Amino acid sequence: HVFDASNLENAQYKGYHSGRTAAIDHNLYVKDCLVYQANYQAGLNVLRIDDLSTNPPTFTEMAYFDVWPDGNNRLFNGAWSNYPYFSSGTIVVSSIEGGLFVLEY
């Protein structure tokens, strides 16, 4: 679900984005026009924010890194979180079973 929270007193619901897999989206971070999204079994997804004025809002998948190659189901294996804010451009992804992945985008 996408909200415009630029005015915290009047947050606006903008619509719903459906990903390419059934994996559970969580722990999303926005940096510039990109969303870095942990998706449990689907790993890390990087989405470009294209247009938030449409319903549903539009995003383009720019990259992904699969930390759980055994599936993309609605289960709690795989990516727990990520951190895209290093000045070097490095992104870290933590995997419940696989440890820490250090990536460059």
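The radius of gyration is taken over C-alpha atoms, and the globule rule sets it at 2.2 Å times the number of residues to the power 0.38. The exercises below apply to a predicted model.

**Exercise 1.** Compare the radius of gyration of the protein chain with that of a compact globule.

Solution.
- Step 1: The chain has 105 residues, for which a compact globule would have a radius of gyration near 13 Å.
- Step 2: The protein chain has 14 Å, which agrees.
- Step 3: As for extent, the C-alpha trace spans about 40 × 35 × 25 Å along its principal axes.

**Exercise 2.** State the secondary structure of the protein chain and its pattern along the sequence.

Solution.
- Step 1: The count is zero helices and nine strands.
- Step 2: Along the sequence this reads β-β-β-β-β-β-β-β-β.

**Exercise 3.** Work out which strands stand at the edges of the open sheet E7-E8-E9.

Solution.
- Step 1: The three strands of this sheet lie in the order E7-E8-E9, and their pairing is antiparallel.
- Step 2: Strand E7 (79-83) and strand E9 (99-104) each have a single partner strand, so they stand at the edges, and one side of each has no neighbour in the sheet.
- Step 3: On average, neighbouring strands here are turned by 20° against each other, direction ignored.
- Step 4: Four bridges join E7 to strand E8 (residues 90-95) in the antiparallel sense. For Tyr-83, the bridge partner in E8 is Val-92.

**Exercise 4.** Describe burial and surface in the protein chain.

Solution.
- Step 1: Buried means under 20% relative accessible area; such residues make up 32% of the 105.
- Step 2: The accessible surface is about 6,400 Å², and carbon and sulfur atoms account for 53% of that surface.

How values were computed: Residues are numbered from 1 along each chain as its sequence is written. This is a predicted model: local features need pLDDT of at least 70, side-chain atom pairs count only at pLDDT 80 or more; totals for chains, interfaces and linings use all residues. Side-chain values use heavy atoms; hydrogens and water are left out. Two strands pair if DSSP finds at least two bridges between them. Helices (H or I, at least four residues) and strands (E, at least two) are DSSP runs, numbered from the N terminus. Axes are lines fitted to C-alpha atoms, for helices over the stretch in contact, and angles run from 0 to 180 degrees between N-to-C directions. Buried means under 20% relative accessible area, exposed over 50%, partly exposed in between (1.4 Å probe, protein chains only). Accessible areas come from the Shrake-Rupley method with a 1.4 Å probe; for residues, only the protein chains shown count as cover.
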